[in-house]
Amino acid sequence: MVQPNQSVLRRASVFVRDMDRSIAFYRGVFGLSVYIDREMPLSVVPKFPVGPSGQDGTMRFVMMRGWDPLVGLVGLMEVKDPPLPDIPANGRLGYGNAALVLETRDAQAVAEALPTFGGTLLMPPTEGRNLGDAEGNFIPALVMMASDPDGQFLEIFQAL
């Protein structure tokens, strides 16, 4: 039975430096397709806490999707005017970081495509396990770790 406050994650959105490069990465590595692509003022989201000047400026928002039409969408947001400052990365995760978890049907193909599209393979496909069924049970999987061209951490798995 669905509870009144029960929720579902529809998408995860990440800030990117170069929208076209990011689209090429998620399309080329994971086979995602562009679902929505629009440019809009930052003020479209009241009190959007982004950029040094608050609500002034514009952004490009792209939503990408895989084989499911509603679940697992990846939102890409490029703040264009003014651009966001770079945050130094030391390759470690900590507070404020997010991990995008993507399921693929061919982990080896994803691993091979990563460098072609500017990504970095952090851990090659390795036999392990991942949450994989509706009851929250672990399933056997090939698991790998990577980052996209902007350094966004990715956990990728292929159910076995």
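The paragraphs below walk through a predicted model of a protein chain, from its overall plan to a few individual residues.

The overall plan comes first. The protein chain contains two helices and eight strands. Following the sequence from beginning to end, these elements appear in the pattern β-α-β-β-β-β-α-β-β-β. The chain has 160 residues, and 33% of them count as buried. Contacts that bridge long stretches of sequence are well represented: among contacts between residues at least 6 apart in sequence, 56% join residues at least 24 apart.

The strands can now be placed in their sheets. One open sheet is made of four strands in the order E1-E4-E3-E2, with mixed pairing. Strand E1 (11-15) and strand E2 (33-41) form its edges; each has a single partner strand, so one side of each is left without a neighbour in the sheet. From one strand to its neighbour in this sheet, the average turn is 20°, direction ignored. As a general reminder, strands of a sheet pair through backbone hydrogen bonds, either parallel or antiparallel. Strand E3 (residues 58-65) and E4 take the antiparallel option, joined over seven bridges. Within that pairing, Met59 sits opposite Val79 of E4.

A second open sheet, also of four strands, has the order E5-E8-E7-E6, and its pairing is mixed too. Here the edges are strand E5 (99-103) and strand E6 (120-131), each with a single partner strand, so one side of each is left without a neighbour in the sheet. The twist from one strand to the next averages 25°. Both senses of pairing can be followed in this sheet. Strand E7 (residues 138-147) and strand E8 (residues 153-159) are antiparallel partners over seven bridges, and Val143 has Phe157 in E8 as its bridge partner. E5 and E8, by contrast, pair in the parallel sense over five bridges; there, Leu100 has Leu154 in E8 as its bridge partner.

Strand E5 also shows a neat alternation of side chains. Leu100 and Leu102 point to one face and are buried, whereas Ala99, Val101 and Glu103 point to the other face and are not buried.

Helix H1 is a good element to look at next. Helix H1 (residues 19-30) packs on the sheet that holds E5, E7 and E8, touching these three strands, and its direction makes about 20° with that of E8. H1 also lies across E2, E3 and E4, running at about 5° to E3. The length of H1 can be checked with simple arithmetic: at 1.5 Å a residue, its twelve residues should span 16 Å, and the end C-alpha atoms are 16 Å apart, which agrees.

Which residues of H1 are buried? They are Met19, Ser22, Ile23, Phe25, Tyr26, Val29 and Phe30. These residues cover an arc of only 160° around the axis, which puts them on the same side of H1. A general rule helps to read such a pattern: an α-helix has 3.6 residues a turn, so residues three or four places apart point the same way. The two ends of H1 have details of their own. At the start, a side-chain oxygen of Asp18 comes to within 3.2 Å of the backbone nitrogen of Asp20. Just after H1, Gly31 adopts a positive phi of about 70°.

Two individual residues round off the picture. Glu78 belongs to strand E4 (residues 73-81). Is Glu78 buried or exposed? Its relative accessibility is 14%, and because the cut-off for buried is under 20%, Glu78 counts as buried. Beyond its neighbours within four places in sequence, Glu78 is in contact with Val16, Arg17, Asp18, Met19, Thr58, Met59 and Arg60. Val16 and Glu78 are 62 residues apart along the chain, yet their C-alpha atoms are separated by 5.2 Å. A polar atom of the Glu78 side chain also lies 3.3 Å from the backbone nitrogen of Met19, a residue already met among the buried ones of H1.

The other residue is Ser147, which lies in strand E7. With a relative accessibility of 11%, Ser147 counts as buried. Not counting residues up to four places away in sequence, Ser147 touches Phe25, Leu114, Gly119, Thr120, Leu122, Gln152 and Leu154. Two of these names have appeared before: Phe25 is one of the buried residues of H1, and Leu154 is the bridge partner of Leu100 in E8.

Definitions and conventions:
Residues numbered from 1 in each chain as written. Predicted model: local features only at pLDDT ≥ 70, side-chain atom pairs only at ≥ 80, totals over all residues. Heavy atoms only, no water. Pairing = 2+ DSSP bridges. Axes fitted to C-alpha atoms, helices over the stretch in contact; angles between N-to-C directions. Contact = heavy atoms within 4.5 Å. Buried < 20%, exposed > 50% of the residue type's maximum accessible area, 1.4 Å probe, protein only. Polar contact = N/O pair within 3.5 Å; in protein donor to acceptor, adjacent residues only side chain to side chain. Expected span 1.5 Å × (residues − 1). Arc of directions from axis to C-beta.
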